[in-house]
Structure formats: structure tokens, C-alpha cells
Amino acid sequence: MQSLLKGKAAIVTGSSRGIGRDIALAFAENGADVVIHGTREQPDLRDRIRATGVRCECAAGDIGDYSTAERLTAACLDAFGRIDVLVNNAGVNSRTPFADLSLEEWERVLRTNLTGAFCTCKCVVPHMLRQRSGCIINLSSSAGKTAHPNAALPYGVSKAGINSLTQKLAWDLAPFGIRVNAICPGPIETDMTRQWIPEYREEVLKSIPVRRLGCGADVANVAVFLASDMSTFIVGESINVNGGKYMN
């Protein structure tokens with residue numbers, strides 16, 4: 001086990017699968033105690049994390065519901081006595097064309113992706129302020145910086161909102177020892193991308209300078225770095241992790 005995060009207590013939302021799961025595992029492998037989250041509890045992941053030698057607790061619920069943020073906060077404080085890192089990873093995508101987009105879907109995506117992050121920050125930040133230390137990592141997307149063919153309007157808008165939330169919170173909280181940053185993944189290998197037809201996969205690969213899709217570890221490694229003391233002078237950034245597909 002590495003020790004970049006030894007002694008830190010972290011909450012990772014949306015950690016039942018995908019990038020969130022990889023982040024939770026990477027945190028544990030680097031010594032952090034972790035509260036994991038999904039719409040349902042994840043005892044298998046909890047046990048796997050505990051097997052690495054750190055502590056782990058589960059909390060479940062709709063991340064767009066403020067009571068879920070309260071449960072996550074309470075679970076971390078009750079189990080570990082402090083909150084050092086919050087990773088706002090939980091989110092949903094949308095691919096509905098604008099002409100077919102309903103108000104209900106618009107609100108669902110924004111409530112999960114943006115309001116959910118607001119709720120967790122609202123609950124966690126007071127405890128970080130009392131500690132005068134902490135780190136918040138928001139999972140955004142390159143779709144929050146530029147239009148994307150695989151992301152419908154509410155997804156891109158929600159991620160642009162995450163980038164703005166990141167900068168404003170970073171500005172307000174940095175004087176109190178709390179760092180806030182975002183990660184903007186590009187094409188990442190997931191269950192969804194494995195269903196692409198070969199022609200589309202080849203088209204995507206040609207658009208990425210490094211000529212490969214990313215993997216969850218590519219994002220998780222950046223999250224570990226941002227959560228560690230190696231990044232104490234990085235504040236308010238939205239870091240691209242996309243193999244060069246989108247640069248700014």
C-alpha cells in the first residue's frame with residue numbers, strides 16, 4: 001500500500017461503479033479511510049476496500065436529495081471523526097436531442113449532476129471550515145467546456161455549472177485551507193464504450209492524439225494527486241484528462 005493519503009478520511013459519491021469505484025479503490029490503496037456511496041449500499045466494494053487495511057463505510061441514496069448528503073456527512077464523521085476529502089463523482093448522462101428534450105429530463109440531469117454536488121458541499125464544508133483544512137474534487141467533463149456529440153444539452157450545462165461551482169468555491173474557501181478543483185475526463189473506457197461499433201470506436205480513437213481511450217485509473221490517479229499534499233498550490237482548476245482530445 002502507498003501512503004499518499006494515509007490518515008485522511010474521504011467521501012466518494014457515485015462510487016458503486018465506473019470512475020467513482022476506481023477513485024474509491026485508489027484512495028484506499030493510498031491509505032485513506034473511505035465512505036462509499038451509490039443508490040444502493042455496496043457491501044462487496046466495502047469488504048474489498050476493508051481488505052486493503054483501511055476503514056470503509058457505506059451510505060446510499062439519491063444524490064440530488066439533500067438528506068443523502070446529510071447521511072454521507074454523518075457516516076464519515078461517525079466512523080472517522082473528520083472529513084478531509086469530498087469527491088463529487090455521482091452523475092447521469094443524457095443523449096436526448098434538444099427537440100425531444102423534456103423539462104423532466106432537464107431537471108433530472110441538473111439535479112443529479114449539479115444540485116447533488118451543491119448539497120454535499122453544503123453539508124461537508126462547515127466541518128472543513130472548523131478543521132481549517134480539506135479538499136473537494138468535482139468530477140466534470142470536457143463536455144462542460146465544449147460541445148460534445150455524445151452529450152445532450154443538460155449534461156454539458158450541468159458540467160459547465162460544476163466548473164463554475166469549482167472556481168467560486170475555490171475562491172471563497174482557499175483562505176481557510178480548503179482546496180477545490182475539478183477533473184474533466186474525456187473518452188474513458190466503460191461498459192458503454194465497449195458497446196460501440198468498431199467503426200465509431202476507430203473514429204473516436206483517431207480524434208485522440210494518444211490514440212487510446214482513457215481508463216478509470218487515469219482519472220483516479222489525478223484524484224489521488226489532488227487529494228494529497230503534493231497539490232497544495234493547485235486551486236480552482238478544471239483539469240483535462242482526455243489524451244489531448246480537448247486542450248485549453
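1. In which helix is the place of Thr-73? Thr-73 belongs to helix H3, which covers residues 66-80. Helices here are DSSP runs of H or I with at least four residues, strands are runs of E with at least two, and both are numbered from the N terminus. Thr-73 counts as buried because its relative accessibility is 5%; the classes are buried for under 20% relative accessible area, exposed for over 50%, and partly exposed in between, with a 1.4 Å probe and protein chains only. Apart from neighbours within four places in sequence, Thr-73 is in contact (heavy atoms within 4.5 Å) with Ile-11, Ile-83, Cys-123, Val-124 and His-127. Its C-alpha atom is separated by 28 Å from that of Val-241, a residue 168 positions away along the chain.

2. On the basis of the model: this is a predicted model, in which local features need pLDDT of at least 70 and side-chain atom pairs count only at pLDDT 80 or more, while totals for chains, interfaces and linings use all residues. Residues are numbered from 1 along each chain as its sequence is written, and side-chain values use heavy atoms, with hydrogens and water left out.

3. On the overall fold: the protein has 7 helices and 7 strands. Read from the N terminus, the order of elements is β-α-β-α-β-α-β-α-β-α-β-α-α-β. Of the contacts with a separation of 6 or more, 69% are between residues 24 or more positions apart.

4. On dimensions: the radius of gyration is 17 Å, which agrees with the value near 18 Å for a compact globule of 248 residues. The radius is taken over C-alpha atoms, and the globule rule is 2.2 Å times the number of residues to the power 0.38. The C-alpha trace spans about 50 × 40 × 35 Å along its principal axes.

5. On surface and charge: 51% of the 248 residues count as buried. The protein exposes about 11800 Å², of which carbon and sulfur atoms supply 53%; accessible areas come from the Shrake-Rupley method with a 1.4 Å probe, and for residues only the protein chains shown count as cover. There are 27 positive and 25 negative side chains, and the centres of the two sets lie 4 Å apart. Lys and Arg count as positive and Asp and Glu as negative, with His and the chain ends not counted; each charge is placed at NZ of Lys, CZ of Arg, CG of Asp or CD of Glu.

6. On Asn-181: this residue lies in strand S6, residues 178-185, and is buried because its relative accessible area is 0%. A polar atom of its side chain lies 2.9 Å from the backbone oxygen of Ile-234, and a polar atom of that side chain lies 3.1 Å from the backbone nitrogen of Gly-236. Beyond four places in sequence, the residues in contact with Asn-181 include Ile-136, Asn-138, Thr-166, Leu-226 and Glu-237.

7. On Asn-88: strand S4, residues 85-88, holds Asn-88, which counts as buried because its relative accessibility is 6%. The side chain of Asn-88 makes a polar contact with the side chain of Thr-120 at 2.4 Å and another with the side chain of Asn-138 at 2.9 Å. A polar contact is a pair of N or O atoms within 3.5 Å; within protein, one must be able to donate a hydrogen and the other to accept it, and residues adjacent in sequence count only if both atoms are side-chain atoms. Neighbours within four places aside, Asn-88 is also in contact with residues including Thr-13, Ala-117, Cys-121 and Leu-139.

8. On backbone angles: most residues other than glycine have a negative phi. Arg-132, in the loop between helix H4 (103-131) and strand S5 (134-139), has a positive phi of about 55°. Arg-211, in the loop between helix H6 (198-206) and helix H7 (216-227), has a positive phi near 60°. Arg-132 is exposed, with a relative accessible area of 51%, and Arg-211 counts as exposed at 52% relative accessibility.

9. On two acidic residues: Glu-202 lies in helix H6 and counts as partly exposed at 42% relative accessibility. Glu-202 and Ser-141 are 61 residues apart in sequence, with 21 Å between their C-alpha atoms. Asp-191, in the loop between S6 and H6, is exposed, with a relative accessible area of 57%. From Asp-191 to Gln-42 the distance is 19 Å, C-alpha to C-alpha, across 149 residues in sequence.
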